[in-house]
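User: Could you take a close look at one part of this protein with me? I'd like to understand the place where its pieces meet.

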Amino acid sequence: MTNLPETMLALILKHDGFSGRMDGPHIADAAEYIALETLPVPTPTAGQVLIKLRAASVNPSDLHFIKGEYGQPRVKGAAAGFEGCGDVVAGVDKLISKRVAFVAASAGAWAEYVIADAMTSIPLRSDISDEDGAAQIVNPLTAMAMVDIASKAGDSFVISAATSQLGKLMIGLAKDMGLNAIALVRRENAIAPLLAMGAAAVIVTTANSFRSDFETASRTLKPRVFLDSVCDQTSETVFTLMPNAARWVCYGKLSSEAPVLTQMGQFTFMGKQIEGFWLTNWMRNTPPAEQMRVIGEVQARFVDGRWKTDISARLKLNEVVDGLADALKLPDGKVIITP
Ligand SMILES: NC(=O)c1ccc[n+]([C@@H]2O[C@H](COP(=O)([O-])OP(=O)(O)OC[C@H]3O[C@@H](n4cnc5c(N)ncnc54)[C@H](OP(=O)(O)O)[C@@H]3O)[C@@H](O)[C@H]2O)c1
């Protein structure tokens, strides 16, 4: 490595392993989980690259992770953060000097320098901004993969937390593919923007009329797939009101409530199923050529404006511990971290 500093600023994990809890991504005080420290700049091993960070995103998965409730254990003292964009400064030759979108090798995106596998470092077209580049992999690939699952089961599907960035990506994609997205939201002021984006119906889960509103939409549009990142008792109600052969695809846990199954006969007599989706498994199981095709489509959608990343707040690394909890309260967008 030449011309690289020996140390860097990083937001490190304060705890090891798993918490054994499932409280959801809410953060009251980031100082409980992370601290700003100086670490040695890491050295890439075979097949890896060292990336100088331009921007990292804060996803719900990052928040579950720092709290010890994600699909992999924390390592106390290691940097937090999964996704971002930056310039390759060492490692696999063909990527040196390229600006890439990346998912950090184990974690570590919330730092001045990050290690990522070359395989999951995607060179960015010059017409993509750093902020769009920082949210180019996790949500866009998940949106493409899950709408593909839904489209194979019928022409209508249900999305919970539809105001999320991922929800909005899926609504736009559904519209372009001629599919009916039934969007579930928890606040009324989300109805108009999501209808304008192309949702076939927007239903407010907190309204008194929620049950009958959803029954009407379900009877009319016959959705067979429920893409659910909330997974609470309301989700269970939605699932029970869906038609025969409906699949409840759980891919997030935004609510801390554990749902109770109330209609076991539906599994026997209506052929309903509950399953999960995790992008990590999709990347393991999808042939590289198909992943490259999907990545190309993702970049094209950002370049021509069909997709965009809404930003709610920007924090520098040294502002995150004090500022993250308040930044996360702002609606309708991602918090972006810069060095
Ligand atoms: N399985 C996978 O591979 C995978 C990949 C990517 C993302 N995900 C999951 O996808 C979900 C969305 O991610 P994102 O980055 O798009 O999120 P985001 O932009 O940060 O948005 C979070 C959204 O969640 C809503 N929300 C929070 N708590 C809620 C609750 N208890 N009930 C209903 N709505 C709630 C908020 O609604 P308001 O607007 O009303 O505040 C907000 O729209 C997350 O659960 C994430 O973990 C999973």
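User: Which stretches of the protein chain does the domain assignment give to domain 1 and domain 2? Please walk me through the interface from there.

Analyst: Sure! Keep in mind that this is a predicted model. The domain assignment splits the protein chain into two parts: domain 1 takes 7-135 + 309-338, while domain 2 takes 139-280. So that you can picture the layout, start with the centres: taken over C-alpha atoms, those of domain 1 and domain 2 lie 29 Å apart.

Now zoom in on where they touch. On one side, 16 residues of domain 1 are in contact, and on the other, 10 residues of domain 2. Together the two domains bury about 950 Å² between them, and 48% of that is on carbon and sulfur atoms. Who does the heavy lifting on the domain 1 side? M22, D310 and D332 do: they supply 33% of the area that domain 1 buries against domain 2, more than any other three residues.

Hang on to D332, as it turns up again. This residue forms a salt bridge with K168, and the closest N and O atoms are 3.5 Å apart. Across the interface of domain 1 and domain 2 there are three salt bridges, and also four residue pairs in polar contact. If you sort the residues on the side of domain 1 that touches domain 2 by class, you get six nonpolar, six polar and four charged ones.

One last thing to look for is empty space. The structure holds two cavities of 30 Å³ or more, and the largest has about 70 Å³ of space in it. Residues lining that largest cavity include A135, N139, P140 and Q165, along with L169, F302, K308, T309 and K334. Try finding those in the viewer, then go back to K168 and D332 to see their salt bridge.

Technical notes. Residues are numbered from 1 along each chain as its sequence is written. This is a predicted model: local features need pLDDT of at least 70, side-chain atom pairs count only at pLDDT 80 or more; totals for chains, interfaces and linings use all residues. Side-chain values use heavy atoms; hydrogens and water are left out. Domain bounds come from an automatic or database domain assignment. Contact means heavy atoms within 4.5 Å. Buried area is the accessible area (1.4 Å probe) that two parts lose on being put together, summed over both. A salt bridge is a side-chain nitrogen of Lys or Arg within 4 Å of a carboxyl oxygen of Asp or Glu. A polar contact is a pair of N or O atoms within 3.5 Å; within protein, one must be able to donate a hydrogen and the other to accept it, and residues adjacent in sequence count only if both atoms are side-chain atoms. Ala, Val, Leu, Ile, Met, Phe, Trp, Tyr, Cys and Pro count as nonpolar, Asp, Glu, Lys and Arg as charged, and the others, Gly among them, as polar. On a 1 Å grid over the protein atoms alone, a cavity is a set of points where a 1.4 Å probe fits but cannot get out, and a pocket is an open set with protein on both sides within 12 Å along at least five of seven lines; lining residues have an atom within 4 Å of a point. Grid points are joined across faces, edges and corners, and a volume is the space filled by probe spheres set on the points.
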